Amino acid sequence: MSSEIVPKTPYLIVRNGRFYFDMRVPEDVVGAFKHKFKRKTGTIRESLKTKDRKRALREMGEKLSFYLAQFDELRRTSDAELVLANKVSRRDLSKLSRAELEKLVVSYYRDVLRPSALSPPIDSEDRAELVEEWSDTLARVKDRRDEEGNERVQNTADHVLLKAGWPSTRTKAGTITRHLPSVDVDRAAEQYEALMDLVRRASIDGSRLALAELKGASFTPVDPLFATGFNLAEANDKLGPFLSEALAGWKVGSGVRGSRKPRELTAMEAASAVQRFIELHGDIRIGEVSKKRVQEFASAMSALPARLPKKLSSMALPELLREDLSAFPSRAPATINKAFTLLSAIVEHARKQSDLEDATSWPNHFPSAWIEENGHTQPDRVPFTADDLRRIFVDGPVHGQGRRQEGGQGEAQYWMPLLALFAGARLSELGQLRVCDVRLDDGGVPYLDIGTSGGRTVKTRNSVRRVPVHPALHQLGFLAYVERVKSTAGVEATLWPRMRSAERRARTASWSQWFGNYIRRKPISIGDKSKVFHSFRHLFKDMCRDAGLSEDVHDALTGHAAGKSVGRSYGSGHSVARLYAEISKIKVRVDLTHLHTT
């Protein structure tokens, strides 16, 4: 068969003597255009059923007028709908926003699951059988751990895309050559996961709707997204931002200059809590975080152990709960409660930042989910004693025998405890130190520059400070160690090249875990769980008092807030030289001469 374009006559072609109407669909409406056309070429081709040129011209004119009117009508629709249709038609799932995904699913819910679409059977046996089937469907789609339920949700999600205009592909089914329409989509994409979550919610209310119709009962949607008469704008106003969006806003802070932002470690812990909640319930809006959902989340978090191997820790929460976790230590109530505290703070921040009138009605059930500790509270951290220091620095394998352990991450296991002992700095502050953070003042006095340069973070504004290097650290060879790292890695390099932790954890997290285990094991054997790395900081404060340092001086050394006196806040603070003179008075409670170098 051959075809030719009729000279000087657009929209007409001839194939075997017959005239055909041939027109390309404009790109700006191709996604929203629902009539049959060749999607690969984007053209409409219809037979005019004639070989007569004059008749073909008349038919072509009518076809052209019809389709141009269709295109104009599509252009008169809302820009948002047109943009959405174009995104769907181009298989560009990554470009779909959460609101656009909601629109697709709400449209599906309205057209397919509303009561008028159902026609329940009259026969009682058929009715009972359908009630059983819908009850099974409801139970399966509600349980995120049910594989068959997940498959049903995925199939429905694919159908939602096809119904919205997603281009379909054909696949063979079995040995019989049957070509079934399917969706060519990246199911690992974040947007597809969000679509699955929305479809699950629609399937739950759809199953309830069907059961209500079968039982002759009235139906009211439970899911807030569908309880507003399918008005998406109204639902958004009432329900507020998604939990992930609220987290992002909380991380940024109020935006007011000088306002506090969460520390990096706190932000990571909050992100982990939000991620776990989303794994269980999906990325829902603040107004949808019901008490029941919070209680289910609390039960799930209580079932998680304190520490998991890497293989298990990477699993999503529903999948993880199917594993046998009885061999792992239980998670402390304080750890679980901290997650609830952070989630509560995120909700409250979203409330304050919102200009919606309905923000005050958004629920915050996280504080009510706190777990009682049955009178056993988390022990306070206490200072190390002289005997503890002897166990660590004399009997311990690292300092007493010069050995290095793999979990100690290189020389960090040797210098971090000594720096904490003689500087009283926090673990996170020491773990972020770079070569260039060990500086000299104008008088040549070396000091640790604890601050925020180079992407570092501190706990509070007062934590930014300069801590002179104690004379004992000179004798132990700390400055020589700094020079060695500088010569091999450069001034911008970290002081601890081998220190690292798993993704989404603080840099010092793995090292902290190693140190806790290290001091509990033989030969150190410090069994008191209230004694941890932070105990060095408590001890440093006691040593400052024993050395007769004034409170304002050791507050300057440790980065604690100054007293209430207005005068304390004036000026630029103590000089490095003055602080060096004061810190030199501090004497440790253990003999470290065996560690001295030349």
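Buried means a relative accessible area under 20%, exposed means over 50%, and partly exposed lies in between, using a 1.4 Å probe and protein chains only. Keep that scale at hand for the exercises below.

This is a predicted model, in which local features need pLDDT of at least 70, side-chain atom pairs count only at pLDDT 80 or more, and totals for chains, interfaces and linings use all residues. Residues are numbered from 1 along each chain as its sequence is written, and side-chain values use heavy atoms, with hydrogens and water left out.

**Exercise 1. Two loop residues with positive phi**

Place serine 525 and asparagine 16 in the chain, and classify each as buried, partly exposed or exposed.

Step 1: Serine 525 lies in the loop between α20 and α21; helices are DSSP runs of H or I with at least four residues, strands are runs of E with at least two, and both are numbered from the N terminus.

Step 2: The relative accessible area of serine 525 is 31%, so this residue is partly exposed. Its phi is positive, about 55°, although serine 525 is not a glycine.

Step 3: Asparagine 16 sits in the loop between β2 (12-15) and β3 (18-24). Here too phi is positive in a residue other than glycine, with a value near 55°. A relative accessible area of 47% makes asparagine 16 partly exposed.

Step 4: While you are in the loop between α20 and α21 (535-546), find proline 523. The peptide bond that leads from lysine 522 to proline 523 is cis, with omega near 5°.

**Exercise 2. A three-stranded sheet**

Work out the strand order of the sheet that contains β8, and find which strands stand at its edges.

Step 1: The order is β7-β8-β9, in an open sheet of 3 strands with antiparallel pairing; two strands pair if DSSP finds at least two bridges between them.

Step 2: β7 (438-440) and β9 (465-468) each have a single partner strand, so they stand at the edges and one side of each lacks a neighbour in the sheet.

Step 3: On average, neighbouring strands here are turned by 40° against each other, direction ignored. The axes behind this angle are lines fitted to C-alpha atoms, for helices over the stretch in contact, and angles run from 0 to 180 degrees between N-to-C directions.

Step 4: Strand β8 (residues 446-450) is joined to β9 by 4 bridges. Within β9, proline 468 is the bridge partner of tyrosine 447.

Step 5: Tyrosine 447 also has a charge over its ring: the charged end of arginine 466 sits there, 5.9 Å from the ring centre. The criterion is NZ of Lys or CZ of Arg within 6 Å of the ring centre and within 35 degrees of the ring normal. Arginine 15 is placed likewise over the ring of tyrosine 20, 5.8 Å from its centre.

**Exercise 3. An aromatic pair in one helix**

Decide how the rings of tryptophan 514 and tyrosine 518 are arranged.

Step 1: Rings of Phe, Tyr and Trp (its six-membered ring) pair if their centres lie within 6.5 Å; planes under 30 degrees apart count as stacked, over 60 as edge-to-face and the rest as tilted. The whole structure holds 19 aromatic pairs.

Step 2: The two ring centres are 4.8 Å apart and the planes of tryptophan 514 and tyrosine 518 meet at 20°, so this pair is stacked.

Step 3: Both residues belong to helix α20 (residues 509-520), 4 residues apart, about one turn of the helix.

Step 4: Tryptophan 514 is buried at 8% relative accessibility, and tyrosine 518 is buried at 4%.

Step 5: The two share one aromatic cluster whose members include Phe384, Phe393, Trp511 and Phe536.

**Exercise 4. The nonpolar cores**

Find which residues have the most contacts inside the largest nonpolar core, and which helix gives the most to it.

Step 1: A nonpolar core is a set of buried Ala, Val, Leu, Ile, Met, Phe, Trp, Tyr and Cys residues joined through side-chain atoms within 4.5 Å.

Step 2: The largest core has 58 residues, and Leu418, Leu448, Phe478 and Phe536 have the most contacts inside it. Helix α16 (residues 412-423) gives the most, with 10 residues.

Step 3: Leucine 448 touches Leu419, Val467 and Phe478, among others, not counting residues up to four places away in sequence; contact means heavy atoms within 4.5 Å.

Step 4: A second, separate core has 36 residues, including Leu280, Phe297, Leu320 and Ala350.
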